[in-house]
Amino acid sequence: MERSRRKFIQTGAIGLAFLAACPSSLLASNDCNIKHPLMPQDKSLQGTCDNCGMMRPMWGRTWHTFVLGKDSKQTCSIHCLAEMVRNSGLQPSGIMVANYLDPHTSLVAEDAYYVVGSSARGTMSIKSKIALPTEAAAQDFVRKCGGEVGRFDDAYGAAVAALVAENKMIQKKRVAKGKIVEPTDADLCPVCGMHVARYPDNKCQIRTKDGEVIHFCATHCLFEYLQNGAKYRDTPLHPQLIWVVDYATGLWIPAKKANYVIGSTMKGPMGKEAFPFAARDAAGSFAQKYSGKVVVFSEVSAKTMLM
Ligand SMILES: [Zn+2]
Ligand SMILES: [Zn+2]
């Protein structure tokens, strides 16, 4: 009696430990084996994400289209939609989302039913957010694959709340794949000669089409190099990726999509800097606090920075 009770307790304990260790996505039924991303790619779907560059033929099941400012935009996911809205400071309109189970059909996002946190794989997201045409279809999906049924606002709110955490995860993957290379003690800024690793808040880098990685101490030297490359190198410069560090979150962000505060009273490693921010709002607050002006990549130069 005592032995069988102990055995029961032990088995129960293992079961609980398994439940605790097992992410909710593994607990849903196997009925949920839906091909996402689409492999082989569905070439009849066309386009690339305006935020992250991923392809619609693969990620079409979570595709969103919308108008931002005056431009039509498309993104791979509600994550990239939320990120574009935050970065631009503009409000989106006319949002359409793919029907997860039939990515050739688009739904008006406000009318769709979203399932958040099911075992469906996330696109740029830790918790997936997928859209279905009816409440019944969403409930049926939850029965098979877990998650919670909500409307667009629920899914969008979850995407906004998760942005920084998800971008940390995405950055880890980019570092692991070598798309971003952290500077080491040996890396010297080619413009000023300073040790780049000593400036973690200001560091920047260019990855050329040949795979060469050039580290800079700060935006001052990055823009000087981009605009006067011939002074510093013998071969022409062909940048493929340019990364700067978001002054608000400390995360690497694509330089061409960042907002910059120039002419502020804040000093960087080279004195005057263009301080990069992903979010337009964050750049605006910084410019209010330290004076200065919010501009985009094409408006920054070593010259405008000194003004
Ligand atoms: Zn994307
Ligand atoms: Zn430098």
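Which residues of helix H8 (residues 280–290) are buried? Keep that in mind for the close-ups below, which come from a predicted model.

**View 1. The buried side of helix H8.** Here you're looking at Ala-282, Ala-283, Phe-286 and Ala-287, the buried residues of H8. They sit on the same side of the helix because they cover an arc of only 135° around its axis. That fits a general pattern: an α-helix has 3.6 residues a turn, so residues three or four places apart point the same way.

**View 2. What lies over H8, and what doesn't.** The cover over the buried residues of H8 includes three strands: S12 (259–262), S13 (275–277) and S14 (293–296). Swing round to the other side of H8 and you'll meet Gln-288 and Lys-289, which are exposed. Just after the helix comes Ser-291, with a positive phi near 55°.

**View 3. An open sheet of 3 strands.** Read across this sheet and the order is S6-S5-S7, with the strands paired antiparallel. The edges belong to S6 (129–132) and S7 (148–150); each has a single partner strand, so one side of each has no neighbour in the sheet. From one strand to the next, the twist averages 30°.

**View 4. Zooming in on S5 and S6.** Strand S5 (residues 113–116) and S6 run antiparallel, joined by 4 bridges. For one of the pairings, find Tyr-114: its bridge partner in S6 is Ala-131.

**View 5. Helix H6 across the sheet strands.** Helix H6 (residues 152–176) lies across S5, S6 and S7. Relative to S5, H6 runs at about 35°.

Note on methods
Residues are numbered from 1 along each chain as its sequence is written. Chains are lettered from A and ligands numbered from 1 in the order in which they are written. This is a predicted model: local features need pLDDT of at least 70, side-chain atom pairs count only at pLDDT 80 or more; totals for chains, interfaces and linings use all residues. A residue is buried if 20 or more other C-beta atoms lie within 10 Å of its own, exposed if 12 or fewer, and partly exposed in between; C-beta atoms are placed from the backbone. Helices (H or I, at least four residues) and strands (E, at least two) are DSSP runs, numbered from the N terminus. The arc is that of the directions from the helix axis to the C-beta atoms. Two residues are in contact if their C-beta atoms, placed from the backbone, lie within 7 Å. Two strands pair if DSSP finds at least two bridges between them. Axes are lines fitted to C-alpha atoms, for helices over the stretch in contact, and angles run from 0 to 180 degrees between N-to-C directions.
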